[in-house]
Amino acid sequence: MLNVPKTDRNKFTTALLLLIAIMLLVNVFFSLGDSDKIDYLKDEIKKVNTQIDAVYDENRVLQSKMEDFKTEIREIDNGININNKKIQNLNNYEKDQISSFATYGNVEWEKYFADRYK
């Protein structure tokens, strides 16, 4: 064994114990710091999850509105199709009337004008 005087051994032991105590205190300090960091991160994760849920809720509302708009557009399209059919029917009727005038004889023309100006 080393031939170290007793007082130096006591100083070394005291310094070693002091170093170990400081290391334990630092470890406890940093572990508490980590716990706080973990709590902070958990809180931030909760906030982010809340924001994500809010975005999903907004998305559901927007999807619902989108479906309502699609329904309205289908109804408008159906109305347009019905009106287009009516216009086509009127055009066909008009063409039939015009083509029927081409075949009118004198009797039909007299009847047409007589009925028209009654």
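1. Starting with a pair in the middle of the chain: arginine 60 and aspartate 57 sit three residues apart in helix H1, which puts about one helical turn between them. Their side chains meet in a salt bridge, at 2.5 Å from N to O. Arginine 60 is exposed, with 55% relative accessible area, while aspartate 57 comes out partly exposed at 41%. Bear in mind that this is a predicted model.

2. Lysine 70 and glutamate 67 are also partners within helix H1, again three residues apart, or about one turn. Here the closest N and O atoms of the salt bridge are 3.9 Å apart. That pair still counts because the cut-off is within 4 Å. Both ends are partly exposed: lysine 70 has 40% relative accessibility and glutamate 67 has 39%.

3. Then there's lysine 47 with glutamate 44, a salt bridge whose closest N and O atoms lie 3.5 Å apart. Both residues belong to helix H1, which runs over residues 6-102, and they're three residues apart, about one turn of the helix. Glutamate 44 has a relative accessible area of 27%, so it is partly exposed. The pairs above are among the four salt bridges counted in the model.

4. Now the overall picture. The secondary structure amounts to two helices and zero strands. How many of the 118 residues count as buried, as a percentage? The figure is 0%. The protein exposes about 11,300 Å², and carbon and sulfur atoms supply 62% of that area.

Definitions and conventions
Residues numbered from 1 in each chain as written. Predicted model: local features only at pLDDT ≥ 70, side-chain atom pairs only at ≥ 80, totals over all residues. Heavy atoms only, no water. Helix = DSSP H or I, 4+ residues; strand = E, 2+ residues; numbered from the N terminus. Buried < 20%, exposed > 50% of the residue type's maximum accessible area, 1.4 Å probe, protein only. Areas by Shrake-Rupley, 256 points an atom, 1.4 Å probe, with all protein chains shown as cover.
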